[in-house]
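Subject: Structure handover

Hi,

Here is the structure I promised to pass on. Please open it first, then read my notes below.

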There are 2 protein chains.
Amino acid sequence: MGKLTSVTAFAPATVANVSCGFDIMGFAIDAIGDRVTVAYADANTVKVTGPYGHLIPAAWEKNTASVAVQAYLTFIQKSGLTFSISLEKNMPLGSGMGSSASSSAAAVFAVNHLLGDVLSTKELIPFAMEGERVASGSAHADNVAPSLLGGFVLIRSYHPLDIITVTSPDELFCAVVHPHIELHTSDARRILQSEIPIGDVIKQTANTAGFMVGLLTEDYSLLGRSMSDLLAEPKRTRLIPGFDEAKQAAMQAGALGCGISGSGPSIFALSKGMSCAEEIAQAIKKSFLKVGLDSEAFTSSLNVKGAFVVDSK
Amino acid sequence: MGKLTSVTAFAPATVANVSCGFDIMGFAIDAIGDRVTVAYADANTVKVTGPYGHLIPAAWEKNTASVAVQAYLTFIQKSGLTFSISLEKNMPLGSGMGSSASSSAAAVFAVNHLLGDVLSTKELIPFAMEGERVASGSAHADNVAPSLLGGFVLIRSYHPLDIITVTSPDELFCAVVHPHIELHTSDARRILQSEIPIGDVIKQTANTAGFMVGLLTEDYSLLGRSMSDLLAEPKRTRLIPGFDEAKQAAMQAGALGCGISGSGPSIFALSKGMSCAEEIAQAIKKSFLKVGLDSEAFTSSLNVKGAFVVDSK
């Protein structure tokens with residue numbers, strides 16, 4: 001087998017925050033994701049295709065995928081190498097489903113494999129975070145980490161970076177519904193409170209802890225009871241028309257819990273079993289229609305594989 | 001076997017807060033605890049014995065044990081019954097080791113067994129909490145719940161009360177050192193901030209989540225890394241002379257983590273293995289001596305049994 005010349009990798013969409021896990025938790029879903037092909041070339045170039053490709057900058061210094069690749073190359077002291085990057089942008093932008101993270105995760109995964117798996121998947125996280133920085137202004141890890149690693153991920157600390165993968169129950173499924181409004185992460189962050197009453201802090205920590213115990217002991221009821229957010233959701237729901245009704249519809253359809261996916265506007269719900277996730281997705285879609293919003297619904301098992309190589313030559 | 005006339009129960013000391021679990025976590029230790037005997041009698045009486053008995057009110061309406069028993073009797077609609085309660089007060093007051101909780105937990109456990117185990121141990125928690133209310137002014141559960149149930153306990157919610165027992169690793173041991181100063185819970189609460197910067201909230205939730213994952217996956221390193229408190233410890237350490245040095249001594253002696261036990265002044269450390277706990281305890285004791293403080297040190301396995309019947313007749 002000769003040396004590889006081109007690698008195509010896929011990295012899945014992700015749900016960050018997960019209600020009680022504001023800024024510290026995320027998980028990957030199987031339903032959708034981006035693909036990136038990295039190939040040796042005479043000069044650095046980025047090409048963007050796919051249904052949402054026209055919305056993405058194709059300049060090497062501005063594209064999420066190439067910025068992540070460049071950060072990786074600089075770290076491994078191979079910044080002299082040049083590549084062509086082709087990003088198949090399957091995910092809508094500003095959806096709250098970790099769109100930019102999928103691109104940068106797939107890109108670093110592909111280039112790392114092309115160069116002979118120089119680093120472990122976990123070690124790729126900081127470079128994918130640089131892709132996030134160029135996309136949203138902050139190098140957060142709660143989308144790129146689950147997109148690369150799969151499963152449920154806890155960002156225990158940023159300094160130093162401490163990423164923990166947490167096993168989740170087999171029967172846990174997810175519905176994500178993306179209403180057709182755009183919401184910028186920066187707007188969603190601006191309306192947050194800078195100080196939180198200590199009583200709310202105690203409740204938030206209790207729910208975060210309860211959620212982790214629920215995941216690891218496969219206690220679906222505890223998982224659901226813990227899915228409450230006092231930090232972002234009370235402020236952000238006003239940015240999503242019909243959120244309260246959609247959440248209520250999800251709960252009535254059997255959701256364990258329901259909240260904003262990332263910084264929105266997508267909303268997600270967890271369920272026990274796939275058929276329940278499908279009912280929830282339809283209930284949320286129907287609820288958004290009542291306020292005049294069309295939406296796209298995804299139902300999915302949790303992705304436990306993370307990023308992977310689709311093709312190499 | 002005839003009807004019981006008298007039951008003696010033991011309930012263990014507890015460490016609440018556990019660094020990152022401010023107001024939501026606690027665990028029980030085997031080293032020490034209170035004993036309470038409840039017997040049928042012609043009138044309600046309380047007698048207090050033991051090394052710290054003289055410091056405790058012996059009036060039915062003011063004693064932690066009898067108040068808890070009375071709350072229980074009222075709930076099960078047996079408030080017409082009368083009892084003699086004898087409390088063997090083995091634990092120092094205001095130590096931060098759940099002294100009042102041990103008394104009220106042992107008392108309700110004893111009376112419940114005397115009456116034929118009317119309620120489950122978990123169902124006894126609200127009545128033991130009433131004992132806490134009379135002792136400290138607030139009906140908190142983070143000491144009485146682990147004292148009754150044993151092990152690590154998470155208070156997921158107060159309204160409704162949602163108490164989760166969390167399995168802990170077999171090799172987890174604890175050192176608790178009680179420096180001879182008194183610190184009132186009310187003073188320790190008064191100096192807390194009422195509002196917490198959101199950045200600190202995110203770190204606190206991340207550590208709480210990490211601690212739970214560490215417990216359940218037996219990841220001692222993760223447990224230790226997660227033992228950080230941004231809510232109470234930064235404010236309360238100034239009430240405990242020599243705290244910083246004592247904590248440093250504990251960490252140098254191999255502690256996974258170290259913090260204030262409850263609202264202090266006792267400090268606790270977790271370790272892998274009993275011999276390490278013993279070294280830590282001596283290191284803390286020695287450190288307190290340097291600031292002129294005598295102290296009592298306890299080293300212990302985690303109590304997983306909770307309250308139990310010592311004697312019945």
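This is a predicted model. I start where the two chains meet.

**The contact between the chains**

Chain B brings 34 residues to the contact, and chain A brings 34 residues as well. On the side of chain B, five elements supply at least two residues each: strand E5 (152-158), strand E6 (161-166), strand E8 (195-197), helix H6 (198-217) and helix H7 (220-226). Which of them gives the largest share of that side? It is H6(B), with 14 residues. Sorted by class, the side of chain B that touches chain A holds 19 nonpolar residues, ten polar ones and five charged ones.

Strands also pair across the contact. Strand E8 of chain A (residues 195-197) runs antiparallel to E8(B), and three bridges link the two. Look for Ile196(A) there: it faces Ile196(B) in E8(B).

How are the two copies related? Chain B falls on chain A after a rotation of 180°, with 0.0 Å of shift along the axis and an RMSD of 0.0 Å. The relation is therefore that of a two-fold axis. Both copies use the same surface: 100% of the contact residues of chain B recur in chain A.

**Two domains in chain A**

The domain assignment splits chain A in two. Domain 1 covers 6-166 + 303-312, and domain 2 covers 172-301. How far apart do the C-alpha centres of these domains of chain A lie? The answer is 24 Å.

The domains touch. Domain 1 of chain A puts 22 residues into this contact, and domain 2 of chain A puts in 36 residues. On the domain 1 side, the elements giving two or more residues are strand E1 (6-16) and strand E2 (25-40) of chain A. E2(A) provides the largest share of that side, four residues. By class, the domain 1 side has eleven nonpolar, ten polar and one charged residues.

**A hairpin in chain A**

Next, look at strand E5 (residues 152-158) and strand E6 (residues 161-166) of chain A. They pair in the antiparallel sense, over six bridges. Together E5(A) and E6(A) make a hairpin, with two residues between them. One bridge to find is that of Ser157(A), whose partner in E6(A) is Asp162(A).

**The four-stranded sheet of chain A**

Chain A has an open sheet of four strands. Their order is E9-E10-E7-E11, and the pairing is antiparallel. Which strands sit at the edges? They are strand E9 (257-260) and strand E11 (295-301) of chain A, each of which pairs on one side only. From one strand to the next, the twist averages 20°.

Inside the sheet, strand E7 (residues 172-179) of chain A is joined to strand E10 (residues 267-272) of chain A by six bridges. These two strands run antiparallel. Phe173(A) has Ser271(A) as its bridge partner in E10(A).

Two helices pack here. Helix H9 (residues 243-252) of chain A packs on the sheet and touches E9 and E10 of chain A. Its direction makes about 10° with that of E10(A). Helix H10 (residues 274-290) of chain A lies across E7, E10 and E11 of chain A, at about 20° to E7(A).

One general point helps when you view strands: in a regular strand, the side chains alternate between the two faces of the sheet.

**The sheet of chain B**

Chain B also has an open sheet of four strands, in the order E9-E10-E7-E11 with antiparallel pairing. Its edge strands are E9 (257-260) and E11 (295-301) of chain B; each pairs on one side only. Neighbouring strands are turned by 20° against each other on average, direction ignored.

How many bridges join strand E7 (residues 172-179) of chain B to E11(B)? There are seven, and the two strands run antiparallel. Ala175(B) stands opposite Thr299(B) in E11(B).

The helices of chain B come last. Helix H9 (residues 243-252) of chain B lies across E9 and strand E10 (267-272) of chain B, at about 10° to E10(B). Helix H10 (residues 274-290) of chain B lies across E7, E10 and E11 of chain B, running at about 20° to E7(B).

Best wishes

Technical notes:
Residues are numbered from 1 along each chain as its sequence is written. Chains are lettered from A and ligands numbered from 1 in the order in which they are written. This is a predicted model: local features need pLDDT of at least 70, side-chain atom pairs count only at pLDDT 80 or more; totals for chains, interfaces and linings use all residues. Two strands pair if DSSP finds at least two bridges between them. Axes are lines fitted to C-alpha atoms, for helices over the stretch in contact, and angles run from 0 to 180 degrees between N-to-C directions. Two residues are in contact if their C-beta atoms, placed from the backbone, lie within 7 Å. Ala, Val, Leu, Ile, Met, Phe, Trp, Tyr, Cys and Pro count as nonpolar, Asp, Glu, Lys and Arg as charged, and the others, Gly among them, as polar. Copies are superposed by least squares on the C-alpha atoms of residues with pLDDT of at least 70 in both. Domain bounds come from an automatic or database domain assignment.
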